[in-house]
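Subject: A structure for you to look at

Hello! Here is the structure I promised to pass on. Please open it alongside this email and follow along.

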Amino acid sequence: MAEATLDLLHALKAIGRESLTLLWGPLVLWTVVAALVLAGLYLWRGAHPLVHYRARQALLFALPAGVVAALAVDPVSLIMGSGAASVEEASASGLIVISQGAAEGAGAPVSGPSLTLMHGLGLATLLAGIAALLQVVRLGRQALALRYLPETLSATPSVDAQGKAEDLARTLGITRPVRLLVTPQVTPPMTFGARNPTVIVPEAVAQCEKDLRLTLLHELTHIRRRDYLWSGMERLVAALFAIH
């Protein structure tokens, strides 16, 4: 039992040491940069909303990019200096180490396992991994649910509406085929699908030519900008870093 506990502590410390460089170091640096960027956006009140959105989007994608960059550069060593690594390596076992000569001369007993910051980081990393896994699974289930959304909403094709959608899509320079479905249920218009986009509009909108045109222009703009794909990537990053 004691040996198993010791092995677990060793594993936690090893995970903590690696995560300090690959996860927590980049995460702290990103948080500082994000706070400065968000403060700047708050003060820049005259900026166009799209500028705010793209800046926040770039900031979000910088988080996984920073973690990947940490594989080549150690941000902790850059901040704390190379001395921190040598000190950590000196106590790699996770125990209070006393040299044999000193122990024999002084008669001091060797201490048992002691919890350190690295053990805490190791445990926090495991919890972060579990949280990320749960969120990714949840995101995957939501993506699969979209496949059955038309059936849930009883959405069916409309020849007239489909023709208008295809004409507007060509006008906007969209080359991908766009499927338009009409639902009798009261629901806001929506678009989903990256490779084969689908637009669902309520029947009340499809029956009014002006409302249908305005709605299609809005939804087709999302398709032209590939907003569904970008939104999916944003949600994936948020899921992977759910603990933050």
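Below is what I found, starting with how far the model can be trusted.

This is a predicted model, where local features need pLDDT of at least 70, side-chain atom pairs count only at pLDDT 80 or more, and totals for chains, interfaces and linings use all residues. Residues are numbered from 1 along each chain as its sequence is written, and side-chain values use heavy atoms, with hydrogens and water left out.

The average pLDDT (the predictor's confidence in each residue, from 0 to 100) is 85, and 83% of the residues score at least 70. Residues 82–110 fall below 50, and beyond near neighbours in sequence this stretch makes 23 contacts (heavy atoms within 4.5 Å) in the model.

Now to helix 10 (helices are DSSP runs of H or I, at least four residues, and strands are runs of E, at least two, numbered from the N terminus). Its buried residues (under 20% relative accessible area, with a 1.4 Å probe and protein chains only) are Leu-212, Thr-215, Leu-216, Glu-219, Leu-220 and Ile-223. Why do they sit on the same side of helix 10? They cover an arc (of the directions from the helix axis to the C-beta atoms) of only 130° around the axis, which puts them there. An α-helix has 3.6 residues a turn, so residues three or four places apart point the same way. Among the elements covering these buried residues are helix 8 (159–171) and strand 2 (179–183). Just after helix 10, Arg-226 takes a positive phi of about 55°.

Happy exploring!

Note on methods: Buried < 20%, exposed > 50% of the residue type's maximum accessible area, 1.4 Å probe, protein only.
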